[in-house]
Amino acid sequence: MGVIRTIGIVVLSISFVVFVALFGRLPVFRRTPIAFLHRLLWRHIPNAFITVDERLTGRRITSSLARTGNYLMNEKHPIVLIFFVLLQVVGEFLFIPTAWNRLSINQIAVLPPLIVAPLAFLYLAGTTSSNITSENHRSAMLAYPYDFALFHPGYFCSTCRFAKPARSKHCSICKACIQKQDHHCIWINNCVGRNNYLWFNLLLVSIAALLFYGSYLGYILLDRRLQNRLVPPALTRGSLTAKRWSTRMTWGEYMHAWAWAIAMEWRIGAVMMLAMMCIPLALGFLAYHLYLIWAGMTTNESSKWSDWKEDIADKVVFRAEMTRLRETYPPLPEDVEPLDRDVKWPVGVRAKWWLVRTRDGKQPTRKLSRKTGDAANLGAEAAGGNKGEEEVQDERWELVSSIAQVENLYDLGFWDNLWDGLFNRE
């Protein structure tokens with residue numbers, strides 16, 4: 001029992017640390033213990049170690065670890081991908097041969113697709129590129145309209161030298177701008193973007209299904225072992241109801257029985273426990289991406305919206321109607337800001353508001369020409385003071401008091417979001 005408890009605690013602890021490391025920076029966890037633990041893991045503990053190492057070795061250890069960490073975190077490598085594949089394959093080699101003779105034909109028939117699907121979707125997600133190149137840049141520019149909140153026309157990637165399409169982001173690991181970049185995923189050694197979002201989500205679904213089925217098979221096999229051990233068929237022969245092995249057991253006795261079964265069938269028991277403890281992580285990934293589809297966002301955009309929400313709370317965000325601003329700011333050239341009619345997005349779904357944030361929370365200003373008939377102004381102009389212009393508050397801009405006043409241009413409703421996210425509306 002003590003060994004089982006120790007294994008459970010260790011696996012749960014590792015799962016929790018991985019969860020904090022991967023998800024601690026998400027906007028939903030800001031100002032929560034998860035965010036604090038993320039800072040503790042990535043900032044405070046490393047800084048404390050650096051301080052100690054500087055005194056003992058002159059930072060030789062931390063310099064070496066920094067180079068290794070930089071490679072692991074900032075370079076494209078297959079180490080985590082290989083670990084991911086090995087974890088599945090080794091688990092299956094431990095489980096299936098041991099359980100094979102005790103499985104029914106129907107139970108065995110389900111295994112091949114469940115085993116192959118995660119590996120197939122992993123391959124597709126990892127090899128399908130969403131990189132923006134000179135050949136597909138124009139189609140990327142026409143995929144989504146600019147919302148003038150998260151994405152504005154006229155910005156160029158300093159690395160790729162391309163005009164940045166709406167919803168794109170440069171990935172320093174992939175060394176490329178990514179169409180509709182969601183995030184860089186170390187598990188697939190690739191960016192999750194517009195072209196492989198379908199495969200990535202199918203990977204999550206197939207992994208969750210495999211984990212559930214592995215847990216189910218492990219449970220029924222070990223439960224059957226306990227039933228045969230503690231309630232032999234001879235004891236219930238002729239009885240109208242079969243007696244369950246766990247009848248009238250205390251929780252302590254129940255756990256001891258399972259500890260015995262796992263110890264006797266350690267291959268099945270270890271894989272079952274690992275699968276059960278990984279289910280929350282897989283479901284967490286899947287649920288989060290279903291939420292993103294429902295909200296019409298990517299992981300990258302959810303972080304940007306969280307920043308806007310905080311700025312709105314600080315009363316430094318203003319908006320103005322696009323039609324009024326176009327009087328002053330006409331559209332950019334077509335190769336930088338495509339014409340509305342050319343963008344492959346539902347007709348009429350275009351930005352109605354232009355959002356800006358100010359440093360001091362004051363209403364944006366604009367320059368107006370002074371009246372040439374004003375003698376005082378003429379005197380100021382002659383002295384070289386303002387060249388005939390003055391800054392006044394721009395009445396076109398109004399303070400945004402709530403995030404509800406801001407429209408997410410890319411949210412078309414769940415089913416349209418699903419169609420666009422998985423099939424690119426093409």
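1. The expected span of a helix is 1.5 Å times one less than its number of residues, and this rule can be tried on helix α4, which covers residues 79-99 in what is a predicted model. Because α4 has 21 residues, at 1.5 Å a residue it should span 30 Å, and its end C-alpha atoms do lie 30 Å apart, in agreement with that expectation.

2. Turning to how α4 is placed in the protein, the residues of this helix that are buried are Val80, Phe84, Gln88, Gly91, Glu92, Phe95, Ile96 and Ala99. Which helices do the buried residues of α4 pack against? They pack against α5 (105-127), α7 (197-230) and α10.

3. Val80 deserves a separate look, since this residue of helix α4 is one of those that are buried. Once residues up to four places away in sequence are set aside, Val80 touches Ile186 and Trp187. The C-alpha atom of Val80 is also separated by 9.9 Å from that of Cys185, although the two residues stand 105 residues apart along the chain.

4. The largest nonpolar core holds 61 residues, and the members that touch the most others are Ile188, Trp305, Val317 and Tyr410. Helix α10 (residues 266-295) contributes the largest share of this core, namely nine residues. Another core, of 26 residues, lies apart from it and includes Phe95, Leu103, Ile108 and Tyr213; Phe95 has already appeared above as a buried residue of α4.

5. What does Tyr410 contact, leaving aside its neighbours within four places in sequence? Its partners include the aromatic residues Tyr144, Tyr146, Phe151 and Trp345, and also Pro145, Asp147, Ala166, Arg167, Gly296, Glu301 and Asn417.

6. A loop offers a smaller detail to check: Asn136 is found between α5 and α6 (137-143), and its side chain reaches the backbone nitrogen of Thr133 at 2.7 Å. When neighbours within four places in sequence are left out, Asn136 is in contact with Asn131 and Gln179.

7. For the protein chain as a whole, the secondary structure comes to 14 helices and nine strands, and 41% of the 426 residues count as buried. Among the contacts between residues at least 6 apart in sequence, 70% join residues that are at least 24 apart. The chain exposes about 24,700 Å², of which carbon and sulfur atoms supply 62%.

Terms used:
Residues are numbered from 1 along each chain as its sequence is written. This is a predicted model: local features need pLDDT of at least 70, side-chain atom pairs count only at pLDDT 80 or more; totals for chains, interfaces and linings use all residues. Side-chain values use heavy atoms; hydrogens and water are left out. A nonpolar core is a set of buried Ala, Val, Leu, Ile, Met, Phe, Trp, Tyr and Cys residues joined through side-chain atoms within 4.5 Å. Buried means under 20% relative accessible area, exposed over 50%, partly exposed in between (1.4 Å probe, protein chains only). Helices (H or I, at least four residues) and strands (E, at least two) are DSSP runs, numbered from the N terminus. Contact means heavy atoms within 4.5 Å. A polar contact is a pair of N or O atoms within 3.5 Å; within protein, one must be able to donate a hydrogen and the other to accept it, and residues adjacent in sequence count only if both atoms are side-chain atoms. Accessible areas come from the Shrake-Rupley method with a 1.4 Å probe; for residues, only the protein chains shown count as cover.
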